[in-house]
Amino acid sequence: MKKYIYTIALAISLIGLSSCEGFLDVNDNPNQAVSSTPDLVIAAALNNTAARLAHHEIGAFWVGQWSPTGSVSGFNEQKTYDITTNFLNGTWIGIYDNLEDYLYVEQNAANRKSLSGIAKVMKAYNYQLLVDMYNNVPYSDALKGTASIRPQYDEGQVIYDDLITVLDDAIVDLTVPVSGDNPSAGSADIYFGGNITKWRKFANTLKLRILLRQINVAGKENYIKEQIAKIAAEGSGFLGADENVLSNPGYTKSSGKMNQFYEAYGFTAADKKAGNRDFYCYSKFFVDNMKSTNDMARLARLATTATAAPYTGQYRGPEFGEGNDDYLATKVSLFGPAIADPPKALGGTNDNGYARSMVVMTSAESFFLQAEAVQRGYLSGDAKTLFESGITESFKLLGVTDASTAASDYYNQSISNVSWNSSSDKIEAIVYQKWVALTSYNGFEAWCEYRRTGVPDVPLSTRAIGIQQPVRILYPASEYSTNAANVKEQGAISQFTSKIFWIK
């Protein structure tokens, strides 16, 4: 596919807009390089996957976490939900480009199961993203070059089922001991440094995410139970305490080589505000939720306080859709010290925010997935302990002082969706806490969970064109121009009514 679409700009990220230009183009195309190796390609591919996650503003906007400030105009499609096939065109192209890199590794790793296993895990990770955005997409007929220049589409459900098989195969590869014939991925693995045990845990956690996403699909309950039982029997377990999936290729204080979130929404290598620094803030809905549950320790790490009168020192944000002068960047809560801390020259406390690792998946999410599986009777364990562990991991990742104690003080309040015992709907409590923990790390995943469960009760944009939020992204214009017959077979697509297969 890439040979026919690669000339289209790849400047738009997973859930991003033009703000991510420069972050996806972090390396030359490894598949067309004169000389390359699977080690070089896997490092670049892993970096590109993480880079896209820096720009997940659509999920963060539509799930009530973020909002544009009053210091920027535009964002009309996001605020009105009146999107077109030109909206996020580069997302589709960028993910398939990334998938070609993982396919290259898989096909050229020879007997190096340590590399082919990683490539398969990331194949599943990326294809789930595509299904969760578009539903039916090219899969079995994709990535074949001239053998299939107009690939047919597979149903989202069929792809999901096959991704479980892909992850099973990945775990088999990753079970092969590292040896002279199967050397470690080593430093080429910028997530786990060649630790294949952690890759198996990542694979199992990703499987659990894929399975639980389907709880509303008729006839899938027994399948979900059986597959989760297989995960438990495999024995590697899930991502545990302090086992966040972090990407760090060795960020340096140089343009295009820093933590991608920091460089897009924080500060430049010259210690100036990034172009987007004043354009994004936390929404009123998010700030109000944090305040009402006394979640101030995490809020202080996620957000800044307003610096201009009459709101100096306050945490505040606009209703999504609003953007007048009352919500200028100086009057709202921008991205705070845990994710975009300013350098000392701009009033911060350190000069190494650029070097912070990008987060691909959190251990907090892993614990919340396990808690839900236990609560639904799919997995053995203590749902309350897992729920509280997820909260603790969130506090730790954000760098809250004395995180375990602060988390305990928080979840022992008698507040619904905060205290396990005080929450009458345990699933709602789990998903709510996942929503908080995913904030500014993976807004797209939070949006998926909202579409699956309806949690939290996110208000419509004040500029919405109708009475509901979008449930998907439209197929890109590039597909209608280069693969018209196959995309048109998917029928007339509406962002409001053409649901992803797992949505109720």
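**Exercise 1. Find which elements the buried residues of H7 pack against, and then work out how H7 lies relative to H9.**

The buried residues of H7 pack against helix H6 (113–134), strand S2 (137–138), strand S3 (153–154), helix H8 (196–212) and helix H9 (221–234). Helices (H or I, at least four residues) and strands (E, at least two) are DSSP runs, numbered from the N terminus, and contact means heavy atoms within 4.5 Å. This is a predicted model, in which local features need pLDDT of at least 70 and side-chain atom pairs count only at pLDDT 80 or more, whereas totals for chains, interfaces and linings use all residues. Residues are numbered from 1 along each chain as its sequence is written, and side-chain values use heavy atoms, with hydrogens and water left out.

Step one is to list the buried residues, where buried means under 20% relative accessible area, exposed over 50%, and partly exposed in between (1.4 Å probe, protein chains only). Among them in H7 are Ile-159, Tyr-160, Leu-163, Ile-164, Leu-167 and Ile-171.

Step two is to check the length of the helix, for which the expected span is 1.5 Å times one less than the number of residues. The 20 residues of H7 (residues 156–175) should span 28 Å, and the end C-alpha atoms are 29 Å apart, which agrees.

Step three concerns the direction, with axes taken as lines fitted to C-alpha atoms, for helices over the stretch in contact, and angles running from 0 to 180 degrees between N-to-C directions. The axes of H7 and H9 are 13 Å apart and pack at an angle of about 10 degrees, and H7 is therefore roughly parallel to H9. Angles under 35 degrees count as roughly parallel, over 145 as roughly antiparallel, 65 to 115 as roughly perpendicular and the rest as oblique.

Step four names the residues that meet: Asp-161, Ile-164, Asp-168 and Ile-171 from H7, with Tyr-223, Gln-227, Lys-230 and Glu-234 from H9. Sorted by class, this contact has three nonpolar, one polar and four charged residues, where Ala, Val, Leu, Ile, Met, Phe, Trp, Tyr, Cys and Pro count as nonpolar, Asp, Glu, Lys and Arg as charged, and the others, Gly among them, as polar.

Step five looks at one of these residues, Tyr-223, which touches Asp-161, Ile-164 and Leu-211 when neighbours within four places in sequence are left aside. Tyr-223 and Asp-161 are 62 residues apart in sequence, and their C-alpha atoms are 9.9 Å apart in space.

**Exercise 2. Determine how H14 and H17 are arranged, and place Ala-371 in that arrangement.**

First, the axes of H14 (residues 363–375) and H17 (residues 426–438) come within 10 Å and cross at roughly 170 degrees, and the two helices are therefore roughly antiparallel to each other. Next, the residues of H14 in this contact include Phe-368 and Ala-371, while those of H17 include Ile-430 and Val-431. By class, the contact has nine nonpolar, two polar and four charged residues.

Finally, Ala-371 counts as buried at 0% relative accessibility. Apart from neighbours within four places in sequence, Ala-371 is in contact with Ala-383, Leu-386, Phe-387 and Ile-430.

**Exercise 3. Describe H15 from its beginning to the residue that follows its end.**

At the N-terminal end, Asp-382 caps H15, with a side-chain oxygen 3.0 Å from the backbone nitrogen of Lys-384; a polar contact is a pair of N or O atoms within 3.5 Å, and within protein one must be able to donate a hydrogen and the other to accept it, while residues adjacent in sequence count only if both atoms are side-chain atoms. H15 (residues 383–397) has 15 residues and reaches 21 Å from its first C-alpha to its last, close to the 21 Å expected. Its buried residues, including Leu-386, Phe-387 and Ile-391, are covered by elements that include H12 (296–302), H14, H16 (403–411) and H17. After H15 comes Gly-399, with a positive phi near 75 degrees.

**Exercise 4. Locate Ser-419 and decide whether it is buried or exposed.**

Ser-419 lies in the loop between H16 and H17, and its relative accessible area of 8% makes it buried. Its side chain reaches the backbone nitrogen of Ser-422 at 3.2 Å. Not counting residues up to four places away in sequence, Ser-419 touches Phe-387, Tyr-411, Gln-413 and Ser-414.
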